[in-house]
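Got your viewer open and a selection box ready? Here is a tour, stop by stop, of what to pick and what you will find there.

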Amino acid sequence: MGQPDQTSSVTPLRAMSRAVSFAAFGSLLLSQLAFAQSASQPANSGSAASQDNRTTYNAASTADDSDDGAIPAANGTTANADGASQRPAISDSHAGDDITGSILDEDIRRLNTREAPVDEAPRRRAAESASTAETPGIPLGTFVLRPSVTQSINTETTKDGNTRQRRAFLETDAAATLTSDWGRHQLSVTSEGAWQKNISGEGEEQPSFKVNGDLRLDLPHDTVAHLTAGYNFYREDTDDPDAIANATQQSDVQEFSAGASVQRDFGILRGTTALALTRSIYSDATLASGATVALSDRNQTTGTLRGRLGYELSPALIPFIEATVGRTLYDETRDSAGYERSSQSYGTKAGVEVDLGEKLKGEVGVGYERADFEDNRLSSIDTATLDASLLWSPVRGTDVNFDLQTSIQPTTTAGESGYVSHALTTTVTHQLRDNLVGRMIGGVVWRNYPTDSTINDELVYTAATGLTWNINRYLDLTSSLGYELTARKEGSDSQQWRAGVGLKLKR
């Protein structure tokens, strides 16, 4: 009999080969799905830790936002207090300047801190260790509180000309961050303070306290708004240009600040408008005889309006232009020497924001700034400005923070308008071991007085180093060593050495 006709064009051999191919393909597909499912398991198991880190990074970006716009300083100058995208790597604009008391005090406190940085971009994620582990904090409803207390014993030697003072003192530093864990918007509150008590020798104690709040509002149409408020208390340093000579206690300064900023993206354009107000109050200074010197004529209120427009060439490169106007009003029309200190200020700047991810982040700008005073006897001050704030990570575990600020600093010295401050600070942080972190800080401030001034220029050099040993997740051992030199063309130089060790408890 003849063979039956085939009803399909596929022969049995071909059908078998296709079945084998389909089976092999199905097995390969199932193996890939199984592999993907197994690979996703560790990420899910670490969701709690990632939520913790996300909360910390949100706090960091929020605090940075509050530092980047037009926030006037106590003396009528302005500092930036914009959104995080405007000044992602900057710390407080005048953190190293002389308007906040001793420069060395600020350096020592930065050396001793092991909190997650609030003024820098999130670090490259490293392996979990005692140095990088984040404390869980204390849940308070929809907020997380992370407090810390450092108790240290210190020694300090101050030399001014032929006068030398030594003291040993206890210092208690307290800090806390309170961050919301909301699905939208964010509120962040940061605070820190220092209290000193002399246990031997003589020398002025330097208490300080500050608290800052920032409410970020995520609005429609790529719009972000910030409402900020703060309080800052410190005691003027004896090397401050406005310090009272031979005073046993300098003036206590209180600063109240409030501000608002709005940032919106218009495609490749990014616009920012910021308004800031600062109120400064000065207490009396105490002389060696017990008499007091009233300094209420320095009380002032400053308002500043700033606008910035950026052009996004790419997410990593945004050129910008910026304009600032300000007004400073003193409570008393004339100070104790009969001068009208109220002033107007304005400035402009052009620069570029850089965001290369983990390696380099920050901004650089050049511009011009001027301050005019109501009293015709006080000459105007103007200067070219060069500002830079860069965070560079050359290798894993090493961070370099470079900060350069130019600002006009009015003075209350009779017959003087003020000076131009050029402040440069570099901080290097390196993880020496799994639980050991070292820091080095170097800085210089050039107080450049006008050519018609009777006061000569001054240079202030600072250097500090410190180590932090993480005993465990909740306890650190800290050590610090610092030096400050104020060099004057006329008159004697002043020097200060300080060393200390302490224990830090954090939660």
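Which residue in β12 is the bridge partner of glutamine 249? Select threonine 286: that is the residue in β12 paired with glutamine 249. Keep in mind as you go that this is a predicted model.

**The small sheet**

Stay with that pair and bring in the strands around it. β9 and β12 (residues 285–287) run antiparallel, with 2 bridges between them. Add β13 and you have an open, antiparallel sheet of 3 strands, ordered β9-β12-β13. Its edges are β9 (247–249) and β13 (292–293), each of which pairs on one side only.

**Zoom out**

Now show the whole protein as a cartoon. You should be able to pick out 3 helices and 24 strands. There are 507 residues, and 45% of them count as buried. Look at contacts with a separation of 6 or more, and 59% of them link residues 24 or more positions apart. Switch on the surface: its accessible area is about 24,400 Å², with 60% belonging to carbon and sulfur atoms.

**Two hairpins in a row**

Next, select 186–201 and 208–219, which are β6 and β7; these antiparallel strands are joined by 9 bridges. To find a matched pair, click glycine 193, whose bridge partner in β7 is phenylalanine 209. Then follow the chain through the hairpin, where 6 residues sit between the strands, and stop at glycine 203, which has a positive phi near 155°.

Carry on from β7 into β8 (residues 223–235). These two strands are antiparallel as well, paired over 12 bridges. Here leucine 215 stands opposite leucine 227 in β8. The hairpin between β7 and β8 has 3 residues between its strands, and histidine 221 is the one to click for a positive phi, near 60°. If you like, turn on backbone hydrogen bonds for this stop, since strands of a sheet pair through them, either parallel or antiparallel.

**A greasy spot on the outside**

Select Phe266, Ile268, Leu269, Leu309, Tyr311, Leu313, Leu317 and Ile321 and show them on the surface. Together they make a nonpolar patch with about 730 Å² of accessible area. β14 (300–311) and β15 (317–330) are the elements that give two or more residues to the patch. Is isoleucine 321 buried or exposed? Isoleucine 321, which belongs to β15, counts as exposed because its relative accessible area is 52%, and the cut-off for exposed is over 50%.

**Into the core**

Hide the surface and select Tyr339, Ala371, Phe373, Leu378, Ile381, Ile408 and Val420: these 7 residues are the largest nonpolar core. Another core lies apart from it, with 5 residues, including Tyr234, Val253, Tyr282 and Leu295. Back in the largest core, click leucine 378 and show its surroundings. Beyond residues up to four places away in sequence, leucine 378 touches Tyr339, Glu340, Arg341, Phe373, Gly415, Glu416 and Ser417.

**Last stop: leucine 467**

Finish in β22 (residues 458–472), where you will find leucine 467. Why does leucine 467 count as partly exposed? Its relative accessibility is 38%, so leucine 467 falls between the cut-offs of 20% for buried and 50% for exposed. Draw a distance from its C-alpha to that of threonine 478: the two residues are 11 apart along the chain, and the atoms are separated by 5.8 Å. Threonine 478 is also among the contacts of leucine 467, along with Leu432, Leu436, Val437, Gly438, Leu477 and Ser479, leaving aside neighbours within four places in sequence.

Technical notes
Residues are numbered from 1 along each chain as its sequence is written. This is a predicted model: local features need pLDDT of at least 70, side-chain atom pairs count only at pLDDT 80 or more; totals for chains, interfaces and linings use all residues. Side-chain values use heavy atoms; hydrogens and water are left out. Helices (H or I, at least four residues) and strands (E, at least two) are DSSP runs, numbered from the N terminus. Buried means under 20% relative accessible area, exposed over 50%, partly exposed in between (1.4 Å probe, protein chains only). Contact means heavy atoms within 4.5 Å. Accessible areas come from the Shrake-Rupley method with a 1.4 Å probe; for residues, only the protein chains shown count as cover. Two strands pair if DSSP finds at least two bridges between them. Patches are made of residues with over 30% relative accessible area and no salt bridge: like charges are joined within 9 Å, nonpolar side chains (Val, Leu, Ile, Met, Phe, Trp, Tyr) within 5 Å. A salt bridge is a side-chain nitrogen of Lys or Arg within 4 Å of a carboxyl oxygen of Asp or Glu. A nonpolar core is a set of buried Ala, Val, Leu, Ile, Met, Phe, Trp, Tyr and Cys residues joined through side-chain atoms within 4.5 Å.
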